[in-house]
Amino acid sequence: MKMLKDKISQEGIVLSETVLKVDSFLNHQMDPVLMMEMGKEFARRFADQNITKVLTIESSGIAPALTTALALQVPLVFARKQKSLTLTEDLIVEKVHSFTKQTTNDVTVSRKYLSPDDHVLVIDDFLAVGEASFGLARIAEQVGATVAGIGIVIEKSFQPGRGNLVEAGYRVESLARIKSLHNGQVQFVEE
Ligand code: G4P
């Protein structure tokens, strides 16, 4: 998606060979115009999948997931990483390990908001190893819902996430695919 790639080229900061900082439009300050366009683009790519629900994980997944849900006219559910005061009953729980942060979270969603009839579109901001996406897919599958696809804002294609998810049978659509972050430069996969 050209608008996103331009934004990454203009404002992304390469922190290391593996980490890209995009705090100015995705992970801290957010660009609502770009978010709306990304939501429309995800909706376009998954238009044939009869999506009934969008599923993401707090916090940075919520904005692109919300605009996608709006474009598809379906509800958004976000999984929580922290225990909620009010969300205590009938929880679906999955452990999600982050290789980037070396942390493990119990990720939860209430059973009330997912059903076996749902066709779920998983949305996340970054794809590295794929653990967050796998965790969300497992949550949907625990209730017997169908995972119709996985939409990623920024895929680090030099890491194994896409390969792992595709090998497991999921359809992955990424709006920007990064080939490398060598020498402080962002290089995109040619598409
Ligand atoms: P994975 O899901 O593909 O396995 O990724 P991983 O666990 O390694 O990533 C953990 C967290 O780090 C996620 O955010 C993910 O979005 C973020 N992340 C991974 N690589 C990058 C990167 O190159 N740049 C940036 N900016 N973030 C990256 P999180 O902990 O869920 O944070 P948030 O959603 O609360 O902001």
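Here is a short chat about a helix pair and the largest pocket in a predicted model.

Colleague: Why is H2 called oblique to H3?

Modeller: H2 (residues 32-45) and H3 (residues 62-72) pack at an angle of about 55°. Roughly parallel needs an angle under 35 degrees and roughly perpendicular runs from 65 to 115, so H2 is oblique to H3. Their axes are 7 Å apart, and the crossing is right-handed.

Colleague: How do you know that H2 and H3 meet, and which residues do it?

Modeller: Contact means heavy atoms within 4.5 Å. On the H2 side that picks out Met35, Met36, Gly39, Lys40, Phe42 and Ala43. Facing them in H3 are Ala63, Pro64, Thr67, Thr68, Leu70, Ala71 and Leu72.

Colleague: What classes do the residues of that contact fall into?

Modeller: They divide into 9 nonpolar, 3 polar and 1 charged. Gly counts as polar, so Gly39 goes with the polar ones.

Colleague: On to the largest pocket: how much space lies in it, and what makes a residue part of its lining?

Modeller: About 870 Å³. A lining residue has an atom within 4 Å of a pocket point, and 33 residues line this pocket. Closest to the centre are Ser98, Thr100, Lys101, Asp125 and Phe126.

Colleague: Which element gives the most to that lining?

Modeller: E7, with 4 residues. Strands E2, E5, E6 and E7 and helix H4 each supply at least two.

Colleague: And by class, what is in the lining?

Modeller: There are 13 nonpolar, 11 polar and 9 charged residues.

How values were computed
Residues numbered from 1 in each chain as written. Predicted model: local features only at pLDDT ≥ 70, side-chain atom pairs only at ≥ 80, totals over all residues. Heavy atoms only, no water. Axes fitted to C-alpha atoms, helices over the stretch in contact; angles between N-to-C directions. Parallel < 35°, antiparallel > 145°, perpendicular 65-115°, else oblique. Left-handed = near helix turned anticlockwise from the far one by under 90°. 1 Å grid on protein atoms, 1.4 Å probe; cavity = no way out; pocket = protein on both sides within 12 Å on 5 of 7 lines; lining within 4 Å. Points joined across faces, edges and corners; volume = space filled by probe spheres on them.
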